[in-house]
Amino acid sequence: MAVAAKPAITMLDDRASIGPGGLNDILGGGLARNRVYLLEGVPGSGKTTLALQFLLEGVKNGESVLYVTLSETDEELRAVSKSHGWSLDGVAIRELVPSESSLKSDENYTMFHPSEIELSETTKTVLADVDRLKPTRVVFDSLSELKLLAGNSLRYRRQILALKQFFSGRQCTVLFLDDLTSVDHDLQVESIAHGVLRLEQFYPEFGAERRRLIVLKHRGTSFRGGYHDYAIRRGGLEVFPRLVASEHRSQPRGRRLESGIRELDTLVGGGLERGTSTLIVGAAGTGKSSIAAQFAAAAALRGEKAALFLFDERVDTLLSRCEGLSIPLKQALADGLVMLRQVDPAELSPGEFTQLLRDSAENFGASMIVIDSLNGYLHAMPGERYLVVQLHEILTYLGQAGVATLLITAQQGLIGNNMISTVDASYLADSVILMRYFEAGGEVRQAISVMKKRSGEHERTIREFRLERGRIAFGEPLRDFRGVLTGVPVIERAGERNPRSDARG
């Protein structure tokens, strides 16, 4: 399903693509040409990888490119390239790593400090390469080495200004790399550069390291501010732009998505409207995932697509359980109408998960998306802040894209008045379906009710709900009971029929 976009970031054609599509989107199309940029980040954050992607984009376009390295050898750069499956053919590499002669005593220098001579020689070599190759893209790795050669901050700043002036007259787009290893972070280079990108890396208490980038400045152009998650994989940096729901507008279709079970559709007011979100909440084992799977399978039977993201349950377990309940989810999966994705939140950043949801709506064309469960999504990422705010942005975006979203959350406890939700998303959802256990006739039963629906009328009764004899079954409204939601109901009118209501499909 195509999503009509109304981007707030103007995409300009006359830009130097920096490689990953997500980063180009953040920068409004790429880097403005013939300018000097600063790419800073701690060691291991992916600066070299991103710099190589920037140059290889130029090679792809038939441009002349140059990589000047003062820290890594030619062999190390080619090893990085090989690990990503790249070839550096077409990339000119000028290696200025100190040779064995640098181990000798400084007494050969008489009138000048070694830094003055080495800096002058380094600069002359770089300028000669630029005049000879006439590159349109240049990477300078790294500024920390240049700063050491300069000896003091005044000479260092003058050197950067001189390089900027030199490159500005030669139609070069230059990327300076800084590994932030200096004790005192020099902001002067940030003030000189036309744009500044920072790569950050941090380590949560559990799980893999997380990486994010931010554009600190980009003169004369609009860009998407804030932090954006990214991952380093074979093939380079994969950047996940921060979702801004207001940039994506479409006209949601008002068609209802039915479950295929008459009692359930009656309970929710005829089905789930596209462009709305529904929260299914209840204790573990009450049938929340089964209800969501039923809606997804029913959508597939109509020829529509659905995507399910599982945080807590394995894909094979869900398929086996659905098969036992006559829910044709496995067939829908084989037909390509249902996408099942097992999510490991310890290895997945919030930004990447958001991108998966966007791809499901925009590329896969899902009319329904299931997130099972919010507990797994929110609680498995304890180091992340503002995830509820991000969830609000996700639901807004999916709503504008005309997608019906099903959110599942488990309550703590099994029965009684002490049931609490560790994740309160009821105020975000358009509809809320409550599923509870209750005791009656010496048995533990299950009940289902709709507590909220913004988009229209719904049945306000409480029905018995069963998973039995290979199907999902619903009983008549429990009108003879009072206190079903407490878990221990009482008969409202004595002498009436047996408390057990006959479940039927």
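**Exercise 1. Thr-173 and its surroundings**

Task: In which strand is Thr-173 found, and is Thr-173 buried or exposed?

Solution. Step 1: Thr-173 sits in strand 7, which covers residues 173–178. The model used throughout is a predicted one.

Step 2: The relative accessible area of Thr-173 is 1%. Buried means under 20%, so Thr-173 is buried.

Step 3: Now list the partners. Beyond four places in sequence, Thr-173 is in contact with residues including Ala-16, Ala-32, Arg-33, Asn-34, Arg-35 and Tyr-37. Phe-54, Thr-136, Arg-137 and Val-138 are also among the contacts of Thr-173.

Step 4: One partner calls for a distance. A polar atom of the Thr-173 side chain lies 3.0 Å from the backbone nitrogen of Asn-34.

**Exercise 2. The backbone at Asn-34 and Arg-469**

Task: Which sign does phi have at Asn-34, and which sign at Arg-469?

Solution. Step 1: Recall the background. Most residues other than glycine have a negative phi.

Step 2: Read the angles. Asn-34 is not a glycine, yet its phi is positive, about 65°. Arg-469 is not a glycine either, and its phi is positive, about 50°.

Step 3: Place each residue. Asn-34 belongs to the loop between strand 2 (31–32) and strand 3 (36–41). Arg-469 belongs to the loop between strand 22 (463–468) and strand 23 (471–477).

Step 4: Assign the exposure classes. Partly exposed runs between the 20% and 50% limits. Asn-34 has a relative accessible area of 24%, so Asn-34 is partly exposed. Exposed means over 50%. Arg-469 has 64% relative accessibility, so Arg-469 counts as exposed.

**Exercise 3. Two peptide bonds**

Task: What is the geometry of the peptide bond from Asp-141 to Ser-142, and of the one from Asp-372 to Ser-373?

Solution. Step 1: Set the expectation. Most peptide bonds are trans.

Step 2: Check omega. From Asp-141 to Ser-142 the bond is cis, with omega near 5°. From Asp-372 to Ser-373 the bond is cis, with omega near 10°.

Step 3: Locate the serines. Ser-142 lies in the loop between strand 6 (137–141) and helix 5. Ser-373 lies in the loop between strand 17 (368–372) and helix 13 (374–379).

**Exercise 4. Helix 5 against helix 6**

Task: At what angle do helix 5 and helix 6 pack, and how far apart are their axes?

Solution. Step 1: Choose the descriptors. Two packed helices are described by the angle between their axes and the distance between the axes.

Step 2: Apply them. Helix 5 (residues 143–150) and helix 6 (residues 153–168) pack at about 125°, and their axes are 8 Å apart. The angle makes helix 5 oblique to helix 6. Their crossing is right-handed.

Step 3: Name the residues in the contact. Helix 5 supplies Leu-143, Leu-146, Lys-147 and Ala-150. Helix 6 supplies Arg-155, Tyr-156, Gln-159, Ile-160 and Leu-163.

Step 4: Sort by class. The contact has six nonpolar, one polar and two charged residues.

Step 5: Add another residue of helix 6. Leu-161 is found in this helix. Its relative accessible area is 39%, so Leu-161 is partly exposed. Leu-161 and Ala-193 are 32 residues apart in sequence, and their C-alpha atoms are 9.3 Å apart in space.

**Exercise 5. Leu-88 and Ser-277**

Task: Are Leu-88 and Ser-277 buried or exposed?

Solution. Step 1: Start with location. Leu-88 lies in the loop between helix 3 (74–83) and strand 5 (91–95). Ser-277 is in strand 14 (residues 277–282).

Step 2: Apply the cut-off. Buried means under 20%. Leu-88 has 5% relative accessibility, so Leu-88 counts as buried. Ser-277 has a relative accessible area of 4%, so Ser-277 is buried.

Step 3: Find the contacts beyond four places in sequence. Leu-88 touches Leu-52, Leu-56, Leu-77, Arg-78, Ser-81 and Ile-93. Ser-277 is in contact with Leu-395, Thr-405, Leu-428, Ala-429, Asp-430 and Ser-431.

Step 4: Take one pair further. Leu-88 and Arg-78 are 10 residues apart along the chain, with 7.0 Å between their C-alpha atoms.

**Exercise 6. The whole protein**

Task: How many helices and strands are there in the protein, and what percentage of its residues count as buried?

Solution. Step 1: Count the elements. The protein has 14 helices and 25 strands.

Step 2: Read the burial. Of its 505 residues, 53% count as buried.

Step 3: Look at contact range. Among contacts with a separation of 6 or more, 71% join residues 24 or more positions apart.

Definitions and conventions. Residues numbered from 1 in each chain as written. Predicted model: local features only at pLDDT ≥ 70, side-chain atom pairs only at ≥ 80, totals over all residues. Heavy atoms only, no water. Helix = DSSP H or I, 4+ residues; strand = E, 2+ residues; numbered from the N terminus. Buried < 20%, exposed > 50% of the residue type's maximum accessible area, 1.4 Å probe, protein only. Polar contact = N/O pair within 3.5 Å; in protein donor to acceptor, adjacent residues only side chain to side chain. Contact = heavy atoms within 4.5 Å. Axes fitted to C-alpha atoms, helices over the stretch in contact; angles between N-to-C directions. Parallel < 35°, antiparallel > 145°, perpendicular 65-115°, else oblique. Left-handed = near helix turned anticlockwise from the far one by under 90°. Nonpolar A, V, L, I, M, F, W, Y, C, P; charged D, E, K, R; others polar.
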